[in-house]
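Student: I would like a close look at one part of this model: the place where the ligand is held. Please take me through it step by step.

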Amino acid sequence: MKRTILITGSSRGIGAATALLAAKKGYQVCLNYLSNAQAAEGIVKVIIENGGKAKAYQADVSSESEVISLFSKIDSDFGSISALVNNVGILEKQSSLIEMEFIRIQKVINTNIISNLICSKEAIKRMSTKYGGKGGSIVNVSSIASKTGSPNEYVDYASSKGAIDTLTVGLSKELAGEGIRVNAVRPGFIYTDIHADGGEVNRVDRLKASIPLKRGGQPIEVANSILWLLSDEASYVTGTFLDVAGGR
Ligand code: NAP
């Protein structure tokens, strides 16, 4: 039977690379995006042209009603998912906390933490053996920022990633007896559009000398770790973290 995966925020960057790789590994892929339909449909097209199955769903995953509707559309289109990648994460312009508007802090926290909690909740309803599901696997996309704290850049973002780490530990234990493994990846400096949102398009290149491997990472390098954690090869791995950060 075909396995179905939902990857939040998969129109671009790490999410898009994960979607393409998941399709290659035989998953039916549910992509999600906020506003860039063209990019999401572009990834769907590549998957379908290569013989895979995929569909893109617009939904703001920080909204409970939109998440509930997203999961019910996927139920109708593909049946229950067996894998969830909580990939959505945003950051805003680099600054110290004192300069951050409340509305920005609220948006970052809602998007990065609330989305993860509510998407995981809907996935558990469908995957947990306690509720008649067949089990499954969740991978959270955290960040090395949960360890560095991102001072003078985005402590709001780094704090949200600290919360994702704690959630990964707690949920992995909560769900261990229900057939669901929960793990996280912590990417370092990866070449994606996110750095433009922080106001520094070339951030990875500026900082790459500080990385032990002396280069920034590619989205596919994170995707490879995500797909391994989801796979049966990682069947005895739960509540753990894979740092994909070139040694940082
Ligand atoms: P990105 O290139 O900026 O892509 C962000 C994706 O999230 C897009 O698909 C965007 O959709 C979607 N999105 C944003 N807000 C959303 C919302 N409320 N609901 C649904 N979708 C939403 O990001 P990325 O760099 O690949 O980052 C992916 C994850 O990796 C994030 O959790 C990030 O924190 C983490 N990470 C990244 C790095 C790095 O260096 N890149 C390092 C550490 C951790 P649209 O295209 O429609 O806007």
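Student: Which atom of isoleucine 14 lies 2.8 Å from an oxygen atom of the ligand, backbone or side-chain?

Tutor: A backbone one: an N or O atom of the main chain of isoleucine 14 lies 2.8 Å from that ligand oxygen. Keep in mind that the model is predicted. Serine 11 uses its side chain instead, with a polar atom 2.6 Å from an oxygen atom of the ligand. Aspartate 60 faces a nitrogen atom of the ligand, and a side-chain N or O atom lies 2.9 Å from that nitrogen. The protein covers 96% of the 910 Å² of accessible area that the ligand has on its own.

Now the shell. It holds 32 residues, and Ser11, Ser35, Asn36, Tyr157 and Thr192 come nearest to the ligand. By class, 13 are nonpolar, 15 polar and four charged. Elements that each supply at least two shell residues are α1 (13–24), β2 (28–33), α6 (155–175) and α7 (194–197).

Next, the site itself. The ligand sits in the largest pocket. That pocket has a volume of about 1000 Å³. Its lining counts 48 residues, with Gly89, Ile90, Leu91, Ile194 and Asp197 nearest the centre. The lining has 19 nonpolar, 19 polar and ten charged residues. At least two lining residues each come from α1, β2, α4 (102–127), α5 (145–148), α6, α7 and α8 (203–207).

Notes
Residues numbered from 1 in each chain as written. Predicted model: local features only at pLDDT ≥ 70, side-chain atom pairs only at ≥ 80, totals over all residues. Heavy atoms only, no water. Near = heavy atom within 4 Å. Polar contact = N/O pair within 3.5 Å; in protein donor to acceptor, adjacent residues only side chain to side chain. Areas by Shrake-Rupley, 256 points an atom, 1.4 Å probe, with all protein chains shown as cover. 1 Å grid on protein atoms, 1.4 Å probe; cavity = no way out; pocket = protein on both sides within 12 Å on 5 of 7 lines; lining within 4 Å. Sits in = over half its atoms within 2 Å of the grid points. Helix = DSSP H or I, 4+ residues; strand = E, 2+ residues; numbered from the N terminus. Nonpolar A, V, L, I, M, F, W, Y, C, P; charged D, E, K, R; others polar. Points joined across faces, edges and corners; volume = space filled by probe spheres on them.
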